[in-house]
Every structure is written in C-alpha cells, then in structure tokens.
Protein chains: 2
Amino acid sequence: VDPELLRVVLVAPRNPLNIGAAARAMSNFGFSHLRLVNPYDVAFREARSAVRAGHILASAEEFKTVADAVADCSLVVGTTAAARRELQLPVRRLEYGGRLIRRRLASQPVALLFGSEKFGLANEDLAHCHWVMRAPAREEHGSMNLGQAVAVCLYELVRKPEEAVSRPERKKRAEAAAMEEFTRLLLDILARSGYVHERVESSTEMKIRRLARRLDLSAHDAEIWLGMLRQVLWRIKPGTDGTFP
Amino acid sequence: VDPELLRVVLVAPRNPLNIGAAARAMSNFGFSHLRLVNPYDVAFREARSAVRAGHILASAEEFKTVADAVADCSLVVGTTAAARRELQLPVRRLEYGGRLIRRRLASQPVALLFGSEKFGLANEDLAHCHWVMRAPAREEHGSMNLGQAVAVCLYELVRKPEEAVSRPERKKRAEAAAMEEFTRLLLDILARSGYVHERVESSTEMKIRRLARRLDLSAHDAEIWLGMLRQVLWRIKPGTDGTFP
C-alpha cells in the first residue's frame with residue numbers, strides 16, 4: 001500500500017472540528033491527501049487554524065464538484081451508514097472493502113468519499129462511486145461521527161492481519177531451578193507459619209509446586225519473589241519445635 | 001464476544017465532545033457499559049445533554065479511582081500512544097490485543113482504559129493494567145483524538161476477519177448470448193459509421209468481441225446496453241452502399 005495514492009474526500013463538511021478530526025486521523029495513520037468538495041467556508045477556515053495535522057489541512061485541496069475531486073482516481077469508493085439498496089451499488093463491509101482498496105493502492109490512486117455530517121453522501125455523489133463501503137455498525141445506529149468514520153476506515157487500511165498472530169514471547173521466563181527454589185521457600189514459610197504441617201505431606205507439596213508453576217513468572221519477577229520469600233522466611237517465627245528464636 | 005462484558009473506562013476526561021463521541025462509537029458498535037473515573041464535572045454534565053447515544057451516557061457510572069472502576073474485571077487493558085518502555089508492561093498492537101480481548105470477552109468482564117485528552121493514562125493508572133494496547137499510528141504522531149481512539153479500538157473488537165474474504169457474486173452476470181448480440185450490434189454500428197470496413201476483418205471482429213467481454217456486464221446492464229445499441233443502429237445513417245434507409 002502506498003499511502004500517497006489515497007485521496008480522502010470530504011463532501012460538503014460543515015463542522016470545523018470534524019474536518020480537523022479527519023486530518024488528525026490521516027496524520028495518525030500516515031495519509032496526507034485531503035480534498036474538500038464545497039466545504040462550508042467558515043468551517044474550513046476554522047479547521048485550518050486548529051492544532052495538529054496542520055500540514056494536511058494546509059495542503060488540503062478544494063473542489064467545486066465531486067467529479068473534479070476524484071478525476072485522477074481509478075477507483076472511487078463511497079461510505080454509507082445504511083444499506084441504500086435503491087442505489088444498485090454493491091455495499092461492502094469495511095473488512096472486505098478495505099482489502100480491495102489496499103490492493104488498488106499498491107499502484108493506483110483511490111478516492112474515499114465521506115458525506116456531510118447531517119445527510120451523508122447524496123445520490124448524485126454516490127453516482128461517481130464504483131461501490132460503497134459500510135463499517136460493521138449496528139443497524140439501529142449505523143450513523144457514525146464523521147471524524148470517527150474516517151479514523152475507522154483509515155485504520156482498516158493500515159491494519160496488518162499478520163500482526164494479529166501471537167509473537168514469540170520476548171520476555172525471558174523463569175527457569176525451573178528458580179521456581180523450585182520458590183516452591184521450597186514457600187513450603188518452609190507455610191510450615192513455619194502453621195499453614196501446613198511441619199512435615200509436609202507429599203500430596204500437599206505437589207499441590208503447592210503446581211500452584212507455583214501456574215504463576216508462570218518471568219525470570220525477572222522470579223528474582224524479586226525469591227528475595228521477598230527469603231526475607232519473610234528469615235523473619236518468620238519458628239514452628240512449635242522452637243529451634244528458631 | 002459478549003459486548004455486555006466490556007467496560008469502556010475513560011480516566012479523567014475533560015472534553016464533553018469526547019465523552020459524547022466515545023458514547024456514540026459505543027452505540028455504533030453495540031457496547032453499552034461506559035465508566036468514568038474522575039471526569040471533569042461540567043464535561044460529564046454537558047456530554048449527558050448531547051444528542052445520540054443518550055442511553056449510554058444516562059447509564060454511565062462514575063468512580064473515584066481506577067481500582068473501583070475495574071474491580072469486577074479479570075482483564076484490564078490500557079491504551080497508549082507511545083511505546084512507554086519504562087513501564088515493563090507488554091505493549092501490544094491493536095490487531096493482536098483485540099484478539100486477546102475478544103477471546104476473554106467470550107466469558108469474562110474486560111476493562112478497556114483510555115486516558116485524558118492531554119496526558120493519556122498516568123503511570124498509576126497503568127499499574128492496574130495487565131498490558132497495554134497501541135493502534136498502529138505513526139511514531140511521529142501516535143497520539144489519537146480520544147473519540148477516534150475509542151472508535152478504532154471498538155471497531156477492532158467487532159471486526160470479523162472472515163468478512164474480509166470475497167463473497168460469491170450475487171448480481172447475475174450477462175450470458176454469452178447477450179454479449180454476442182452486444183458484439184454484433186456494436187460491429188454493425190461501427191461499420192455503418194465508418195469506424196470499421198463494411199466487411200469486417202475477422203481479426204477486427206475478434207478484437208471487438210474481446211473488448212465487449214472485458215466489460216463484464218451484469219445481466220441487467222447488458223439489457224440496457226442492448227436497448228441503447230439497437231436504437232443507435234436503427235437511427236444511424238447507412239454506409240456508402242446506400243441500402244439504408
């Protein structure tokens with residue numbers, strides 16, 4: 001995916017906070033080409049003065065029509081909250097649509113259109129789209145905030161499926177010898193404190209050993225625990241045989 | 001995943017718009033338990049009066065400490081913009097962290113913590129977390145808007161990987177007979193209009209036939225095109241042999 005090939009197109013945005021939020025999400029996820037079709041003038045000016053993502057707003061382009069804003073793109077994708085069956089446009093879930101857009105972004109410019117806060121994309125705007133994409137929001141409340149919709153769509157584009165797989169643990173786990181010392185120390189403490197008999201039964205010893213293993217301590221944390229247990233053992237009152245002061 | 005088991009916890013949020021945006025994203029993606037730790041009072045009150053997602057804000061719970069807000073959860077996950085290596089907490093990318101949370105949400109309550117707009121989660125807050133999650137934002141600008149961060153994390157939780165796979169086409173494609181008629185009509189029009197010779201060479205005919213097949217028309221669109229071509233053919237001036245009209 002070449003992020004330079006994506007054009008985020010906001011059609012008739014009204015709220016400067018939303019324009020700013022769209023630009024911020026673009027900056028977060030590494031996209032830079034923002035285009036505005038007939039933005040509400042005051043909104044655009046206010047958004048430009050907002051903090052962060054300033055370079056994206058500064059270089060944002062303004063267009064009079066959707067046709068002009070998407071002219072250099074070979075794929076034009078609209079976003080929608082509802083199913084809009086009347087459009088005869090394929091409506092794709094974000095997971096699948098994102099995959100198609102990523103594939104195209106490898107080599108060719110793609111336009112991703114977002115409608116106004118209040119009405120979404122009009123039918124005239126959608127007529128410029130090859131297909132329409134929909135986030136998996138609830139049917140009962142599918143309409144997303146504009147800034148959030150942009151963020152979620154862009155996240156899907158930069159998302160790396162291979163990252164969802166577990167990685168080999170980098171943190172070194174405790175070695176068996178350390179956990180055996182942990183078990184011995186704990187058993188001594190439990191015996192001296194009367195939680196178990198002075199002569200620990202072998203079934204009890206096994207239970208405690210398994211309990212310790214289940215902690216699955218890192219090597220680092222095992223060291224800390226051993227230090228604490230040694231100190232506790234040293235301080236603890238001896239059992240009834242009185243061999244310890 | 002049981003969405004009723006997720007607790008979205010905003011720690012010290014300051015901006016009513018962000019609280020409202022978090023609630024809206026929760027409503028979009030089907031989550032309902034919002035918890036606030038020490039919210040700025042005015043912000044919480046203003047957010048409550050905001051449109052949409054009202055039921056989530058109305059039932060939002062307020063807590064004095066992070067410990068209280070996460071008390072019933074068996075997994076507590078923080079969110080962060082930076083790597084925060086000093087914490088000795090595993091920092092997981094959203095793709096992988098989301099998978100772990102989904103797995104736990106099948107049976108047990110999980111808390112997902114978001115820090116204040118300005119400072120994120122403090123070290124004291126993060127000490128309550130089992131691990132920390134980070135969206136794949138740019139190193140140079142990793143800090144996301146609070147409402148957008150909530151939306152992106154929740155989207156990852158409801159995202160269905162199996163949806164990314166292409167589905168069998170539901171729209172019926174044109175049958176070969178229709179495309180053959182399309183090719184014949186187009187060839188006749190091209191001959192009558194002088195674009196090709198009246199006696200079309202077979203290599204030209206093959207080129208035009210392949211050109212038509214590449215359109216990959218749906219059955220519905222093929223009907224429309226056939227109607228248009230028939231009308232054009234009927235109206236077009238005949239070639240130089242003058243057999244028409």
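**Exercise 1. A strand and its partners in chain A**

Which residue in β7(A) is the bridge partner of A:V77? Work it out on this predicted model, then place β7(A) among its neighbours.

*Solution.* Begin with the bridge itself: A:V77 has A:W131 as its partner in β7(A). Next, look at the two strands that hold these residues. Strand β4 (residues 75-79) of chain A is joined to β7(A) by three bridges, and the two run parallel. Now turn to β5(A), which is also joined to β7(A) by three bridges in the parallel sense. In that pair, A:R92 stands opposite A:M133 of β7(A).

Finally, check the side chains of strand β7 (residues 131-134) of chain A. A:W131 and A:M133 point one way, A:V132 and A:R134 point the other way, and all are buried. This fits a general pattern: in a regular strand, side chains alternate between the two faces of the sheet.

**Exercise 2. The whole sheet of chain A**

Find the order of the strands in the open sheet of chain A, and explain why β3 and β5 have one side without a neighbour.

*Solution.* Step one is to read across the sheet. Its seven strands follow the order β3-β2-β1-β6-β4-β7-β5, with parallel pairing. Step two is to look at the ends. β3 (61-63) and β5 (91-93) of chain A stand at the edges and each has a single partner strand, so one side of each is left without a neighbour in the sheet. Step three adds the twist, which averages 30° from one strand to the next.

For a closer look at one pairing, take strand β1 (residues 6-11) and strand β2 (residues 33-37) of chain A, which pair in the parallel sense over five bridges. Within this pair, A:V9 has A:R35 in β2(A) as its bridge partner.

**Exercise 3. Pairings in chain B**

Trace the sheet of chain B and name a bridge partner in β6(B) and one in β7(B).

*Solution.* The open sheet of chain B has seven strands in the order β3-β2-β1-β6-β4-β7-β5, and the pairing is parallel. Its edge strands are β3 and β5 (91-93) of chain B, each of which pairs on one side only.

Move inward to strand β1 (residues 6-11) of chain B, which five bridges join in parallel to strand β6 (residues 110-114) of chain B. There, B:V8 is partnered by B:L112 in β6(B).

Then go to β7(B). Three bridges link strand β4 (residues 75-79) of chain B to β7(B), and these strands run parallel; B:T79 is partnered there by B:M133. On β5(B), the parallel pairing with β7(B) also covers three bridges, and B:R93 stands opposite B:R134. As for the faces of strand β7 (residues 131-134) of chain B, both are covered: B:W131 and B:M133 are buried on one side, and B:V132 and B:R134 are buried on the other.

**Exercise 4. Buried or exposed in the helices?**

Decide whether A:N18 and B:L17 are buried or exposed, then find the buried side of α2(B).

*Solution.* A:N18 is found in helix α1 (residues 16-29) of chain A. Its relative accessibility is 9%, so A:N18 counts as buried, the cut-off being under 20%. Leaving out residues up to four places away in sequence, A:N18 touches A:E117, A:N145, A:L146 and A:G147.

B:L17 has its place in helix α1 of chain B. With 54% relative accessibility, B:L17 counts as exposed, since exposed means over 50%.

In helix α2 (residues 41-48) of chain B, the residues B:A43, B:F44 and B:A47 are buried. They cover an arc of only 95° around the axis, which puts them on the same side of α2(B). Their cover includes α1 (16-29), β2 (33-37), α3 (54-58) and β3 (61-63) of chain B.

**Exercise 5. How the chains meet**

Determine how chain B relates to chain A, and describe their interface.

*Solution.* First superpose the copies. A turn of 180° with a shift of 0.1 Å along the axis lays chain B on chain A with an RMSD of 0.1 Å. That is the relation of a two-fold axis.

Next, count the contacts: 41 residues of chain B are in contact with 42 residues of chain A. The area buried between the chains is about 3,700 Å², and carbon and sulfur atoms give 48% of that area. B:N28, B:Q148 and B:Y155 supply 17% of the area that chain B buries against chain A, more than any other three residues.

Last, compare the two surfaces. Of the interface residues of chain B, 100% are also interface residues in chain A, so the copies meet through the same surface.

Terms used
Residues are numbered from 1 along each chain as its sequence is written. Chains are lettered from A and ligands numbered from 1 in the order in which they are written. This is a predicted model: local features need pLDDT of at least 70, side-chain atom pairs count only at pLDDT 80 or more; totals for chains, interfaces and linings use all residues. Side-chain values use heavy atoms; hydrogens and water are left out. Helices (H or I, at least four residues) and strands (E, at least two) are DSSP runs, numbered from the N terminus. Buried means under 20% relative accessible area, exposed over 50%, partly exposed in between (1.4 Å probe, protein chains only). Contact means heavy atoms within 4.5 Å. The arc is that of the directions from the helix axis to the C-beta atoms. Copies are superposed by least squares on the C-alpha atoms of residues with pLDDT of at least 70 in both. Two strands pair if DSSP finds at least two bridges between them. Axes are lines fitted to C-alpha atoms, for helices over the stretch in contact, and angles run from 0 to 180 degrees between N-to-C directions. Buried area is the accessible area (1.4 Å probe) that two parts lose on being put together, summed over both.
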